[in-house]
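Open your viewer and get a selection box ready. We will walk from strand to strand and then into the packing between them.

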Amino acid sequence: MQRHLISAADLTRDDAVLILDTAEEMARVADRPIKKLPTLRGRTIVNLFFEDSTRTRISFEAAEKRLSADVINFTAKGSSVSKGESLKDTAQTLEAMGVDAVVIRHGASGAPYRLATSGWIDAAVINAGDGTHQHPTQALLDAFTMRRRLVGRDAGIGQDLSGKRITIVGDILHSRVARSNVDLLHTLGAEVTLVAPPTLVPVGIETWPCEIAYDLDSTLAKSDAVMMLRVQRERMNAAFFPTEREYSRRYGLDGDRMARMPEHAIVMHPGPMVRGMEITAEVADSDRCTVVEQVANGVSIRMAVLYLLLGGAVVDSKNVPAASPTRIEEK
């Protein structure tokens, strides 16, 4: 593993599979009465969130605490950032406090990379979402969910997603989740198709390692997983489609469209969902929808990332009494 996790594109196939396999071990730990590992005891991790978040922030905090780390939660609102403090000054303040890792979400694309390479702070940096650029742990938890559902929990160990056909639908233009998933799924051998209105397709998308389509119905029958994306109105400064009703009619997933998917195919969504627009309540509440699983898997993935970046040990959860913490075997 590298020192930082800034982009899904930075991960090799072996890196990604190692994280997915480690997350399987972490998931087994989470099923036990005592859910803690002593791996990061004495380490201090700061969750540095300049944008609002629910799932990602809570997921990282849960992962950090399950690894016994000391956790500091920072939000821009109510901090010196609201008074005009720069990212550099904030980073140097954290450096003076001796933090070991920074989990950062920022509205500006490239902020985590700047933090990791500036020399302002000597800590591991994990990108929890930067602007419309990248969200690598979201892509990892999505791949983890796909591998579990499409390959199998135990059969998937050591395996990638070769041959799987993934369709990502919606606001590609503003989505860091779409960019991260295209990078990671391509690395893992999957075939990715992006479906969106022409106005929500980024310039230069022809260079991405994926196919482009504008008709959702034409892709459903050959998809192993369909991932719906939220229309990110907070990042829009113009009208990208006529009406919500028109968008839902052409690019929303309802029961009829879900019925055209293969029986084994799953429906995914990074959240938060806008029910009635990109996805109907019927689909969101169906057994084929993995939204709740993705949230649970996010904790396991983030435990694995933190463990590999800061712990450096191999998890061995076999033959460990359920009432005691999991044993750690050093490499």
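Which residue of β3 does L48 stand opposite? Select both and you will find I104 as the partner of L48. A note before we go on: this is a predicted model, where local features need pLDDT of at least 70, side-chain atom pairs count only at pLDDT 80 or more, and totals for chains, interfaces and linings use all residues. Numbering starts from 1 along each chain as its sequence is written, and side-chain values use heavy atoms, with hydrogens and water left out.

Next, select 44-49 and 101-106: these are β1 and β3, parallel partners over five bridges. Strands here are DSSP E runs of at least two residues, helices H or I runs of at least four, numbered from the N terminus; two strands pair if DSSP finds at least two bridges between them. The open sheet around them runs β2-β1-β3-β4 with parallel pairing, and its edge strands are β2 (70-75) and β4 (124-130).

Now add 87-97. This is helix α3, which lies across β1, β2 and β3 at about 165° to β1 (axes are fitted to C-alpha atoms, with angles from 0 to 180 degrees between N-to-C directions).

Move on to the other stop, an open sheet of five strands in the order β7-β6-β5-β8-β9, also with parallel pairing. Its edges are β7 (211-213) and β9 (266-268). Select I168 and M227 in β8, which stand opposite each other. Contacts of I168 beyond four places in sequence (heavy atoms within 4.5 Å) include A178, V192, L194 and L229.
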